[in-house]
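Please consider the following points on the pockets and strand pairing of the model below.

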Amino acid sequence: TGCGIIFDANEIIKIPAEFNGKPVLKVDSYAFHGLEIESVYFEGSNVTVIGDHAFDGCKSLLKVVIPDSVKIIEEQAFTGCVSLGSLKLSNGLTEIGKRAFKECKSLKSVIIPPSVDKIGEYAFDGCSNLEEVVFKRDLASIDFEYNAFNGTIYIKKLIAGDIEYPTEETSPVSEDITYDSEDIVPDSEDIPPVLDEVSLVP
């Protein structure tokens with residue numbers, strides 16, 4: 001809920017753990033939609049859900065640290081946060097919703113925690129400067145929806161678990177995944193083509 005939200009002079013939002021003696025469990029839908037804020041701080045958080053469109057269109061937002069209490073980031077929660085260059089996802093996160101970080105064009109790297117089971121369609125669509133994606137678990141164990149990383153055209157490093165995949169560094173990635181699994185990882189033919197928009201090359 002938006003109750004008890006504190007704004008300071010530096011355009012920082014502080015979300016308290018409690019308000020009027022009750023825990024703050026959710027950042028509501030459209031709570032800060034389109035506001036001129038630079039960062040978000042969760043104070044001893046109880047928040048488990050960041051609602052849809054909660055920070056949608058916050059074009060000045062520079063940094064977000066999602067607390068470990070958060071389990072779900074709903075659809076379009078951070079869509080259009082074009083200045084967002086620093087993002088830390090929570091270790092307890094299980095689901096990243098559809099278009100959650102769409103058009104976050106300043107984002108250069110993202111670490112997907114091992115707790116994440118599902119990444120919604122177009123979740124990182126249009127993150128055109130994204131260069132590094134690190135998955136802390138095997139790709140086959142994550143439910144990827146359609147084009148989760150569509151438009152991430154210059155990914156230079158893709159790591160999943162203990163495997164680092166080579167990617168094209170200078171050409172835009174194609175929509176069809178291409179790789180020779182024997183060239184990338186010997187004796188591993190079960191690597192799933194889940195990132196349709198990333199072209200893996202030997």
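1. Two strands pair if DSSP finds at least two bridges between them; strands are DSSP runs (E, at least two residues) numbered from the N terminus. S2 and S6 pair in the parallel sense, with four bridges. Within this pairing, Ile12 stands opposite Ser39 in S6.

2. This is a predicted model, in which local features need pLDDT of at least 70, side-chain atom pairs count only at pLDDT 80 or more, and totals for chains, interfaces and linings use all residues. Residues are numbered from 1 along each chain as its sequence is written, and side-chain values use heavy atoms, with hydrogens and water left out.

3. Strand S2 (residues 12–15) has a covered face, formed by Ile13 and Ile15. Its uncovered face carries Ile12 and Lys14.

4. The largest pocket (an open set of 1 Å grid points where a 1.4 Å probe fits, with protein on both sides within 12 Å along at least five of seven lines) has a volume of about 200 Å³. Of its 15 lining residues (those with an atom within 4 Å of a point), the closest to the centre are Leu87, Lys88, Leu89, Val110 and Ile111. Strands S10 (86–88), S12 (109–112) and S14 (132–135) each give two or more residues to this lining.

5. The second largest pocket holds about 150 Å³ of space. Strand S6 (39–42) and strand S8 (63–65) each supply at least two lining residues, and S6 provides the largest share, four residues. Ser39, which stands opposite Ile12, is among the residues that line this pocket, as are Tyr41, Phe42 and Lys63.

Methods:
Grid points are joined across faces, edges and corners, and a volume is the space filled by probe spheres set on the points. Buried means under 20% relative accessible area, exposed over 50%, partly exposed in between (1.4 Å probe, protein chains only).
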